Amino acid sequence: MKEPYTLSNTTADIVVDKLIAWDVDTIFSLVGDAVNPIFEALRRRKADIRLIGVRHEEAAAFMASGYAKITGKLGVCLAISGPGTTHLLNGLYDAAMEGAPVLAITGVITQDFSGGTYSQEIDAISLLDDVADFNERVTGPVHAQSMVDIACRTSLTNGTVSHLSIPTEIQQMALKDDVRLKKQGHLTGSSFHTPGVETPPNEALEQAAKMLNKSSKVMILAGRGALAARDEVLELARLLGAPVAKALLAKALLPDDSPYTTGGIGTLGTLPSKKMMEACDLLLILGSTMPYLEYYPTNAKAIQIDLDPSRIGLRYPVQIGLTGDVKATLSALIPKLNKKTNRHFIEKAQEEMGEWRAMLRRMESIPSKLITPPYLVAKVAQLLEDDAHIAIDTGAHTVFTARHLPIKDQQEITVCGNLASAGPALSYGIAAQLANPERQCVVMAGDGGFSMLMVELATAVHYDLPLKIIIFKNNSFAIEGYEQEEAGAEKYGVELHPINFKKFAEACGAEGYSCSDPAKLQGVLNQAFQSEKTSLIEVEIDADYPPEPPEVMNH
């Protein structure tokens, strides 16, 4: 970063230099006149910061959110005023609801026109007030020097969204023309951040250890907040003989073949997770607010560890709440625990998981004239590299992917868990491939969700990203139809007009494939996965195959 700035530096220059100082290497945006000065500043610094041009601002926000989730770095999106800003909201809420640090920068119409119902005029500060933890309008280059730092620091410290709104003429203003410079000290801000690590007091840790040592049937529920604590969670499970049920956001916490996990939990989880939850006498919740209330224990006591004290007891009543970073808290707690000699509870979980895995394999291999979702997921899983990144959309296919894709030790997933929006998987996949160009990145999406933002396939092609995109095609919003029938109603409004995704892919410059025959699926997938180009595989699946909860599957 150039600091101190020269008097000829504009607000736009200062904003971009500050982002570079905060280790931002990528920014997602759609061009527009309200942010043209920032685009020019980006152009002059393209050796230091990469601009990814998108087709829709909603995708820009989802890419920024995905980039933050995947890398842990600050995700940044840039949009014009009016429609550009409103389009960001879905992706920004995704980031806010999953603790992903994201900065949104929006242009504003020239201030001389403000209040006159001018074209594309909206109150961006009010609009984003609910989603943004830090939300300010920049008034000049002097102001920008501190505001960008505060916005970046707030997002990284709190794992949240920040927003800066900058009028176009303010973006163009040079430091020498900011009259306040003559009246005030030279405030340049500070592009420095030290993450805080919080642990509970020792007395609370002793109480938790006493309860855990006394219990004979401990069950662990792990969520997104535990992802950085893999080693600690595994050691905890070993010491306590405690099975680990993983919320969807924590699917990659432990490999699915680990003897210490019962896999997923909830309607897209496993029957062993449900059974062991029902049988436990103490539930230890790690960084999770898993929403499926019917899958929590009925009478067990509970301890919860979470960085956010407002989440303690949110889903299940707890006897002890430990506010702190999961990794640091477990590191302090584990030395206080005794290794349990009675291993009956974990052995029962392992027995249940053996039967469950055998049932999944049977489901995946049942002969059928149509391609079933479990069969498709199993075939894709065979082609995934050991460190593949999988982006999963929201829909019926989410259930099948979560259940039938056995995550490996170094594989990762990105999913819109808390907001549960359909449509972001392609944007996540693009972000993942940009962040990890040497890794295999695969998108799993239903035809309904994919079609919402499928224009970004052209973005993937434009940047020569070798994404592999699997479309579960059943010409319907299948999960909604299933839920309608479960509620005693008939399917209504869930049908989708068929789209030829193969031809669409080819029109975008990608490779397109299509398959409806189970006997040919392996060959089609092999061909697509061997390509070094953006490849879309449209798979016509059995539209009547239900995304059932685990307890129904058992019958």
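Helices and strands are here DSSP runs, numbered from the N terminus, with at least four residues (H or I) for a helix. Under this scheme, the predicted model can be described through its pockets and its cavity.

The largest pocket has a volume of about 1800 Å³. Its lining comprises 48 residues, and those closest to the centre are Glu-98, Gly-99, Arg-224, Gly-225 and Ala-228. Four helices and one strand give two or more residues each to this lining: H3 (57–71), H5 (89–97), H7 (141–158), H12 (326–333) and strand S14 (412–415). By class, the lining of the largest pocket consists of 19 nonpolar, 17 polar and 12 charged residues.

The second largest pocket holds about 1100 Å³ of space. Among the 48 residues that line this pocket, Leu-268, Tyr-292, Thr-394, Thr-398 and Ala-420 are the closest to its centre. Helices H15 (396–404), H17 (447–452) and H19 (478–486) each supply at least two lining residues. Of the elements involved, H19 gives the most, with 6 residues. The lining of the second largest pocket divides into 23 nonpolar, 17 polar and 8 charged residues.

Beyond these open spaces, the structure contains 1 cavity of 30 Å³ or more. The largest cavity encloses about 60 Å³ of space. Its lining is formed by Lys-246, Ala-247, Leu-248, Lys-251, Asp-256, Gly-263, Gly-264, Ile-265, Leu-268 and Ala-402. These residues fall into 5 nonpolar, 2 polar and 3 charged. Leu-268 thus appears both in the lining of the largest cavity and among the residues closest to the centre of the second largest pocket.

Terms used
Residues numbered from 1 in each chain as written. Predicted model: local features only at pLDDT ≥ 70, side-chain atom pairs only at ≥ 80, totals over all residues. Heavy atoms only, no water. 1 Å grid on protein atoms, 1.4 Å probe; cavity = no way out; pocket = protein on both sides within 12 Å on 5 of 7 lines; lining within 4 Å. Points joined across faces, edges and corners; volume = space filled by probe spheres on them. Nonpolar A, V, L, I, M, F, W, Y, C, P; charged D, E, K, R; others polar.
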